[in-house]
Amino acid sequence: MGRPTRLQSYRGKGMAYRRAPNHLPGRIQYFDERIEPEPNSGCHLWLGFINHDGYGRFQLDKRKYLVHKWAYEQLHGITPRGYELDHACFVRSCVNLAHLEVVTQAENKRRAAMRRTTCPQGHPYDFIRPNGIRGCHTCDSNKSLRAYEKIKCSQCGKLRSPALF
């Protein structure tokens, strides 16, 4: 019978399996041939097409699927409305079901924001504001300096009245 596919090996771990209506028997083999286990992280990396956002994608019956969603839905059924799959490993091309977690969109966005370590200008976040949002002293200083330059008179250097500008 040969080596079981990754999807078949997940089935043996007590997870419910739901066969999609457009499922083709050869697709599991196609899927399995394009996965490479990464030994250090435990990720199962997709070697097929990767879209511009870094997610693996493949086509089945003229319909395009994100591979992590397709793999999850083959075993657990459709993701509930209002929920998304989050990669706990932070690797978008990973299809290891143990690394996928169903979360709300708000939770997924919160986790993504916490993964970022630099501000949009590339400076490290180095403090947390009272409202809980992280900040960058460099950008805050630059913003204050621009505001100061805006109200300073260009000829004499004295501060102008806020009512004049």
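Rings of Phe, Tyr and Trp, with the six-membered ring taken for Trp, form a pair if their centres lie within 6.5 Å. The structure treated in these exercises is a predicted model.

**Exercise 1. Aromatic pairs**

Determine how many aromatic pairs the model holds, and describe those that involve F31.

*Solution.* Step 1. Applying the ring rule gives six aromatic pairs.

Step 2. For F31 and W46, the ring centres are 5.5 Å apart and the planes meet at 40°. Planes under 30 degrees apart count as stacked and those over 60 as edge-to-face, so an angle between these limits is tilted. The pair of F31 and W46 is therefore tilted.

Step 3. F31 belongs to helix α2 (residues 25-33), while W46 belongs to strand β2 (residues 44-46); the pair therefore ties together parts that lie 15 residues apart in sequence. F31 is buried at a relative accessible area of 3%, and W46 is buried at 4%.

Step 4. F31 also pairs with W70: the centres are 5.2 Å apart and the planes are at 40°, so this pair is tilted as well. Here F31 in helix α2 is linked to W70 in helix α3 (residues 67-76), a separation of 39 residues. Both F31 and W70 are buried.

Step 5. Ring pairs join F31, W46, F58, Y65 and W70 into a cluster.

**Exercise 2. Salt bridges**

State how many salt bridges are found, and work out which residues share a network with R115.

*Solution.* Step 1. A salt bridge requires a side-chain nitrogen of Lys or Arg within 4 Å of a carboxyl oxygen of Asp or Glu. The count by this rule is seven salt bridges.

Step 2. One of them joins E33 and R34, with an N to O distance of 3.7 Å. E33 is exposed, at 51% relative accessibility, whereas R34 is partly exposed, at 25%.

Step 3. R115 forms a salt bridge with D86, and their closest N and O atoms are 2.9 Å apart. This pair links distant parts of the chain, since R115 is in helix α4 (residues 105-115) and D86 is in strand β5 (residues 83-87), 29 residues away. R115 is partly exposed at 30% relative accessibility, but D86 is buried at 3%.

Step 4. R111 and E107 form another salt bridge, again with closest N and O atoms 2.9 Å apart. The two residues are four places apart in helix α4, so about one helical turn separates R111 from E107. E107 is partly exposed, with 23% relative accessibility.

Step 5. Through shared partners, salt bridges connect D86, E101, E107, R110, R111 and R115 into one network.

**Exercise 3. Cysteines**

Explain why C119 and C136 are not bonded to C139 in the model.

*Solution.* Step 1. A disulfide needs two cysteine sulfur atoms within 2.5 Å.

Step 2. The cysteine sulfur closest to that of C119 is in C139, at 3.6 Å, which is too far for a bond. C119 is buried, at 7% relative accessibility.

Step 3. For C136 the closest cysteine sulfur is likewise in C139, at 3.7 Å, and this too is too far for a bond. C136 is buried, with a relative accessible area of 3%.

Step 4. The number of disulfides is zero.

**Exercise 4. Confidence**

Identify where pLDDT stays under 50, and state how that part should be read.

*Solution.* Step 1. The protein has an average pLDDT of 78, and 78% of its residues score at least 70.

Step 2. Over residues 8-22, pLDDT stays under 50; the model has 25 contacts beyond four places in sequence for this stretch.

Step 3. Predicted coordinates should not be read in detail where pLDDT is low.

Definitions and conventions:
Residues are numbered from 1 along each chain as its sequence is written. This is a predicted model: local features need pLDDT of at least 70, side-chain atom pairs count only at pLDDT 80 or more; totals for chains, interfaces and linings use all residues. Side-chain values use heavy atoms; hydrogens and water are left out. Buried means under 20% relative accessible area, exposed over 50%, partly exposed in between (1.4 Å probe, protein chains only). pLDDT is the predictor's confidence in each residue, from 0 to 100. Contact means heavy atoms within 4.5 Å.
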